[in-house]
Structures are given as C-alpha cells and as structure tokens.
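Hi everyone, thanks for coming along. Please have the picture open while I talk, and follow along with your cursor as I go.

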Amino acid sequence: MVLQALRIALRSLKVNKLRTALTMLGIMIGVAAVIAMVSVGTGAQARVAEQIQSLGSNLIMAMSGSTNQAGVRLGQGSQTTITEDDASAIAREVPAVQVAAPSSRGNAQVVYGNLNWSTGIQGVTADYFEARDWPVDVGRPILQEDVDGATKIALLGQTTAQNLFGDADPIGQIIRIKKVPFTVVGLLSRKGQSAWGQDQDDVILIPLSTAKKKVLGVSQANARSVGSISIKIRPDENMTEAETQIRELLRQRHRLQPAQDDDFWLRNLSEVLQTQEESSKVMTYLLAAIASVSLLVGGIGIMNIMLVSVTERTREIGLRMAVGARARDILTQFLVEAVTLSLIGGVIGIALGVGGSNAINALAEWRTVLAPEAILLAFGFSAAIGIFFGFYPARKASRLDPIEALRYE
Amino acid sequence: MAIIATEDLSKDYHLGPHTVHALRGVSVSIEAGEFVAVMGPSGSGKSTFMNLLGCLDRPSSGRYWLDGQDVARLSRDQLATVRNTKIGFVFQMFNLLARTSALENVELPLLYGGISSRERRERARARLGAVGLADREHHHPSQLSGGQQQRVAIARALVNDPAVILADEPTGNLDTRTSVEILALLQRLNRDGLTIVLVTHESDIATYAGRRLVFRDGRLRSDEHVTPLDAAEALKSLPEEEEAVA
C-alpha cells in the first residue's frame, strides 16, 4: 500500500515539475545549510582538539606570581619566586609528576652572517623536551652536560631556522645571540600555533645555565630563580589533584602563611583549551540553530504547497473516496507525497551541503569536518519535516466529504 | 431478490436553526437486472436519494439494504468498502484522473481493494475491451473525446464487478448522438444482467430505461414500468457525426 502510495505520489509530483522543484529547493537549502554550518563548527572544534594534543593536555605551568609592594601590585612574573630547586622538589615529592622542567625566557636579537632576527630565547634543561613533548627534528637535544658545563650550543625552532638560514642546513653553524657565539646543534620539530595564536616555532633553546650567565642575566634577588616550570603529569593521573599537591608543596617551600596569597601561578593549559573547545561547540550549535531556521521555512513551504495541492485535487480526492478509498488511504497518499518531497529535497540538500563544506575547505581555507551523524540527522530531520508539515494538509484531505468533493469546481 | 431495498428512507440537513427535509421517507425496491431512471426537478431529492444509494452519505432515518446487506448504519470506512465492492459510479463530469492513462484510470477502484497488480491490469484491460476502447488503453483523458472518456469511466465502474451501477447525468456533457451511444452501451450491459440506476432530468434520456422513478419535494411521486426505446435502433435514425466538428 505504501509502495502504491509512493507511485501515486511520484506521479503527482511529476505533473507539476516547477512547483515540485521550488518546494524542494526550500528543504534543499535548509539541509545543505545545516550540514555545511555544522561541518564548519566541527572543523573549528577539531582544530582546538589538535592544539590540546600538540600542547600536551597533561601539562601544568608554574610561574612566578605578582608582587605586592606597599599596596602596589606589579604584574605576573614581576617577582622571581619560582626556582630551579622548586622544580626538582616538585619532580621528587609529587608522585603524579613525570617530569618538571625549569626554564627562563627572554627576547634577543640573533645574528647569522648578514641576517638578523629577533626571537624568543628559552633557557632550558634536558627535561624540557620531555615535559613539552617536543622532539628534535635534526641534530641532538640539550643534555645534562650542556647545562652543567654551560656550553654555548643552541637548538632552533622551525620559524627561526627559516628566517636565519632559509633552506640551508643550520647544523654546525655559529650564530650570535647578544654578541655571544653559539653553535647550532639541532633543529626542533614543528610545533605550530599555541592556544593563543603564538608561533611556538619562533624560538631558540639554549642551556638554562648558559642563558643565565650569558644572555638573560641573573636575578639580583635569587640566582636560582627561573621564569617558569613546565610540569608534565603522568598519564592517567588526576590533573586537579596533582595541581593541588603542587600548590601545597610550593606554598610550603615559599613559607606562606595560610592567609597569604600564592606568590606563584599554576596554569593548567588544557583548561584554557577546554574553554576554547567549549566555545567552539557553542558556535557549532549556534550555526546549526540558525541553519535550522531555513529548514523550518522549507517545511512551511511544503505545507503551503500541500494545502494548495489538496484544494486543487479536491475532485480527485472525492473520486478516490467514491471508488473505495478510506480516510486513511487518502491520508497515507498525501503524507507519502509530502515525505517524498522533503526526502528528495533532503538527499539533494545533503549532496549540496557536502559539496559546500568541501568548497569552504578548499576556497576559504577554513577546515571543515563532515560528521556522518550530522548527515544522518539532516536526513532524518527532513523526513520528520515532511511528516510534520504534511500531516495537516493530509488530514484535511482525508476528512473531505466525498459528495462535496465530487461537486467541487 | 432485490438488489436495492429502502424502507422509509429520510435525510434531513440542519442549516443553522432550519432543518431541510431533503428526503421524506422513500420506500423502493429494485430487482437485479433492472434499468431504472430517477427523475425530478432540482430540489426534488433525487440527488440526495442517489447519494444515499451510493453509500456516499448516511440516512437520518429509515433502512437500506444493498445486495442483502444492511448499510444504513455503517461507519465511514465500512461505507468505503461497500462502495469499493458493490457500487460502480458514472459521473456527469467523467471524473477521470488527468495525466493518467485510460488503463490506470480503470484500475483505480482495484487499487483500494488490495488486488495484485497483475490481476488489476488484466481486469482493467478486459473492461476497456468491453466498452470498445481496447486500442486506447495508454491514452490520457485529454487525448480522448467526451464519449470515449465516459466509456473509460463506465469501464472503471465495471471493473470491480459491482452489484449496481449508479450513473449521475452520464450524458449531461455529451452531444445527442454520443449520448445515445453511451445509452446503447448501458442497455447492452443491462441486457447482460447489470443493474443500472440512472439520474437524469431529461425525459428523452429516461425513455431508454425500463422503469421510471419521479421525485418531487423529497417524496417518490411516481414509479412506473415502461417499455424502453432501443438505443441501438435509435442510433440508426440519427445522422452520422460530421467529421468537421472537431
């Protein structure tokens, strides 16, 4: 019976091709918009997720806090409270910590031959590479001996290498940082952008000891102080718990009274990114909601056309009833017609949406991700729209009085 | 046995505070194989009577047996089934589905009877042959003349082997010669045993029926058996249709 209704529906849709096409267009645009917009949103989400991966979601940063001198509060890092000894204490005493790597950062002009480049100089220890999940691409990393001996060696980030050496091999070359010659011993792998859009590859890594002595200088207050500690938590350990333990350890080491504020900052990078991921999720929902409005408008278009169709075909309905069609036969016929209309529109809309999503990907260089569940959802949604908006006209048709309908002019 | 039997059949319509008595108690019995003409001016109740006979409407009071079945109190869906199996309709406006072939038009009642598509096709072909349109089965209504369209409609009425054919002004939209051709076809079917009830307001059309029921003011005024004219004979005296009419 449904198969027959389908044949009847297809025939009556064929009769008025232009009208059918225009009605389908509404659903097509709606479905295509939903799919394209959701793929844009999902793409943004995927990018954030990748950033979390690249940063290492199990990383906690400990940084020097702000000072409070006679009520004047200076900014973050104005006080150099975090030390190398804090780093080793964290690694030693907090069991969840895999490695804690102290580092200090500054900016300097770097010269190679007749080229120069201003970049971030990061003084690090041998643990830094493990803490930041940052393997060396070519050459060797900074070793414990380099830190102990304060050797003048440097590893270049991809961006820095590109700017100083172009495509030439930097290994073994001598660069000058603040007029101090350093031998390039390695090239870091590409890290990409940080969560806040900073180019993480625009950097030079040198041993922490060398950095203090030759490049960044030593803090007057505390020779052991460092800018920050990168703390990597073992996989499967609870981040929040580890953070609390680190905070307690640092407060204890810094001899802070319970009433006193922390003189350091702990930042859990994955939290920052999770916030971003959350907001891009919200964006996806928002885009989908806006696109759904056009789907709704398409549904109303179907209802409109079905109502016109019922009126136009009143005599046909009367005849069908006269020769034995029951109310539910008429209901089925018009419902199947509406669903067919919306499903064909939906399928074409899916094709358009997938095409549109790929076009956005290629032309706007905005990464899009096609989620199969979004496609399934759009398909199901268009069928539901056919049923929902087709039901009223179909019921109207099925409730016609055969005598009146047969006489309808 | 009576194919159609009514007893004190009445129908009232309520229009606001007014009640219109469209039919005021009609008792009539029609035997199998009869050819009955129902006549009367507009407002006489003949259309209401036909709607009740056709199970398109339910009486306000009275009883109605169709082919032995009491159908006066059936539900809408049950009436649809009765129409599907017991009654064949022929209308003044033909009421064929546009852009649908003659064959598929004839199949339509079988579609709602749950009959397999092969049997539908076979039966529809046979009925189209019986009305002389075997060579037009793939034509659409717009490609057929008025007389041919009405033949398709008659084939459609015949396809479910009904107990009775109800024809409502079947010649109202046809010229004289085509009208007589249609009547000749109905007479031929009647001679083969088909019961036919025909509504008309033209007395010369009614002369081809063997029994005349005349309605006035909702009541059956006269019920007389007559000797019908033979439409096939009448055709011979009518001039051949001019080809130029198209």
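Take the contacts in chain A whose separation is 6 or more: residues 24 or more positions apart account for 80% of them. Please keep in mind throughout that this is a predicted model.

How many helices and strands does chain A have? There are 13 helices and twelve strands in chain A. Its radius of gyration is 34 Å, and the globule rule gives 22 Å for 409 residues, so chain A is more spread out than a compact globule. You can see that in the C-alpha trace of chain A, which spans about 105 × 55 × 40 Å along its principal axes. Of the 409 residues in chain A, 42% are buried.

Let's zoom in on one residue, A:Ala100. You will find A:Ala100 in strand β4 of chain A, which covers residues 97–112. Is A:Ala100 buried or exposed? A:Ala100 counts as buried because it has 25 C-beta neighbours inside 10 Å, and the cut-off for being buried is 20 or more. Who are its contacts? Leaving aside residues up to four places away in sequence, A:Ala100 touches A:Ala87, A:Ile90, A:Ala91, A:Ile229 and A:Ile231. Try clicking on A:Ser88 as well: A:Ser88 and A:Ala100 are twelve residues apart in sequence, and their C-alpha atoms are 6.9 Å apart in space.

Now let's move along chain A to strand β9, residues 180–188, which pairs with strand β6, residues 136–139, in the antiparallel sense. Three bridges hold that pairing, and in it A:Val136 has A:Leu188 of β9(A) as its bridge partner.

Next, look at strand β7 of chain A, residues 153–156. In which sense do β7(A) and β9(A) run? They run parallel, and four bridges join them. To find the place on screen, look for A:Leu156, which stands opposite A:Leu187 in β9(A).

Then there is strand β8 of chain A, residues 174–177, which pairs with β9(A) over four bridges in the antiparallel sense. Here A:Ile174 is the bridge partner of A:Thr183 in β9(A). β8(A) and β9(A) form a hairpin, with two residues between them. One detail in that turn is worth a look: A:Lys178 has a positive phi of about 50°. While you have strands on screen, here is a handy general point: in a regular strand the side chains alternate between the two faces of the sheet.

On to the second chain. Chain B has eight helices and ten strands. Its radius of gyration is 18 Å, close to the 18 Å from the globule rule for 246 residues, so chain B is as compact as a globular protein of that length. The C-alpha trace of chain B spans about 50 × 45 × 40 Å along its principal axes. Buried residues make up 46% of the 246 residues of chain B. Among contacts in chain B with a separation of 6 or more, 70% are between residues 24 or more positions apart.

Chain B also has an open sheet of four strands, in the order β2-β1-β4-β5, with antiparallel pairing. Which strands are at the edges? They are β2 (18–31) and β5 (69–70) of chain B, and each pairs on one side only. Follow β5(B) to strand β4 of chain B, residues 61–66: two bridges join these antiparallel strands, and B:Leu66 has B:Gln69 as its bridge partner in β5(B).

Let's look at a pair of helices too. In chain B, the axes of helix α5 (residues 146–158) and helix α6 (residues 176–191) come within 10 Å and cross at roughly 20°. That angle makes α5(B) roughly parallel to α6(B), and their crossing is right-handed. Where they meet, α5(B) brings residues including B:Gln150 and B:Ile154, and α6(B) brings residues including B:Ile182 and B:Leu185.

Finally, let's see where the two chains touch. Here 16 residues of chain A are in contact with 19 residues of chain B. On the chain A side, α1 (2–15), α10 (314–322), α11 (327–363) and α13 (402–407) each supply at least two residues. Which helix gives the largest share of that side? That is α10(A), with five residues.

That's my tour, so thank you for listening!

Methods. Residues numbered from 1 in each chain as written. Chains lettered and ligands numbered in written order. Rg over C-alpha atoms; globule rule 2.2 N^0.38 Å. Buried ≥ 20, exposed ≤ 12 C-beta atoms within 10 Å, placed from the backbone. Contact = placed C-beta atoms within 7 Å. Pairing = 2+ DSSP bridges. Axes fitted to C-alpha atoms, helices over the stretch in contact; angles between N-to-C directions. Parallel < 35°, antiparallel > 145°, perpendicular 65-115°, else oblique. Left-handed = near helix turned anticlockwise from the far one by under 90°.
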